[in-house]
Amino acid sequence: MSKFLNELDARNLLSQYEISMAKSFLSKTIEEAKEAAQKLELPVVMKILSSDIIHKTEAGCVFVGVKTEEEVEEAFTKICDNANHYNPDAKIDGVLIQEMAPAGLEAIIGMKKDPQFGPVIMVGSGGIYVEVFKDVALRLLPITRLDASKMLTETKLSQIINGARGTVYDKETLINTLLKLSNLIIENPTIEEIDINPFFLYEEGKGAKGVDALIKLA
């Protein structure tokens, strides 16, 4: 039977492979949430931490741009109430307090395990319309640097990365991240699926940062 990691555990695993993710802290109480928000500097993002609630936005368990301690307290209460209403049987691990990562070019990176061919790595255009645009490239693992580079050229995202809108984005960081993700998947064969979306790309030389992460285990 498959199961999902909660988002904090997913982030910690990705961080072990030096895949850059937005900073976040676990809070189990309102006071801990306030302390975490101050450490990260307001405004922050707040969301439920539960492996039983995967579609957090749909559950009303994500608040973006929380600006004051009063709003932190209000959001914490609403997130917990909404989670209990959405899935009364869900195991709640707490509320994740996350930095408001600067907006960048939205990419998606991830993997799904094909029953016939095994793990297949993915990269392409990310964001909320990823299912609409379906602008992704796929490869069987393991991949080389050349494979990762060629994958990008197969997407429309590549044109934007290379400066179609006037800004050149950090392609090398994206390629390096794909290679790190390839290593993670090979070394952790129980992983069935990984989804990092959005994965924000910044201007050339300024790196990238994942905002949301999902990992499914066999």
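Two strands count as paired if DSSP finds at least two bridges between them, and with that in mind this predicted model can be toured from its open sheet outward.

Begin by selecting the 4 strands of that sheet, which follow the order β2-β5-β3-β4 with antiparallel pairing. At the edges you will find β2 and β4 (62-66), each of which pairs on one side only, and from one strand to the next the twist averages 25 degrees. Now restrict the view to β2 and β5, which run antiparallel and are joined by 4 bridges; here S24 stands opposite Q98 in β5.

Next, select helix α2 (residues 30-40), where A33, K34, A36, A37 and L40 are buried. If you look down the axis of α2, these buried residues fall within an arc of 165 degrees, so they line one face of the helix. Showing β2 (24-27), β3 (44-49), α3 (69-86) and β5 (94-99) as well will display the elements against which the buried residues of α2 pack. Just after the helix, E41 takes a positive phi of about 75 degrees.

Then turn to the largest nonpolar core, which has 37 residues and in which L14, L184 and I194 have the most contacts. Several elements each supply at least two residues of this core, among them α1 (7-16), β9 (191-201) and β11 (213-217), while the largest share, 7 residues, comes from α7. Centre the view on L14 to see its contacts beyond four places in sequence, namely I19, M21, L181, L184, I196, A213 and I215.

Finally, select A59, C61, A75 and I97, which belong to a second, separate core of 19 residues.

Conventions: Residues numbered from 1 in each chain as written. Predicted model: local features only at pLDDT ≥ 70, side-chain atom pairs only at ≥ 80, totals over all residues. Heavy atoms only, no water. Buried < 20%, exposed > 50% of the residue type's maximum accessible area, 1.4 Å probe, protein only. Arc of directions from axis to C-beta. Contact = heavy atoms within 4.5 Å. Core = buried A, V, L, I, M, F, W, Y, C linked by side-chain atoms within 4.5 Å. Axes fitted to C-alpha atoms, helices over the stretch in contact; angles between N-to-C directions.
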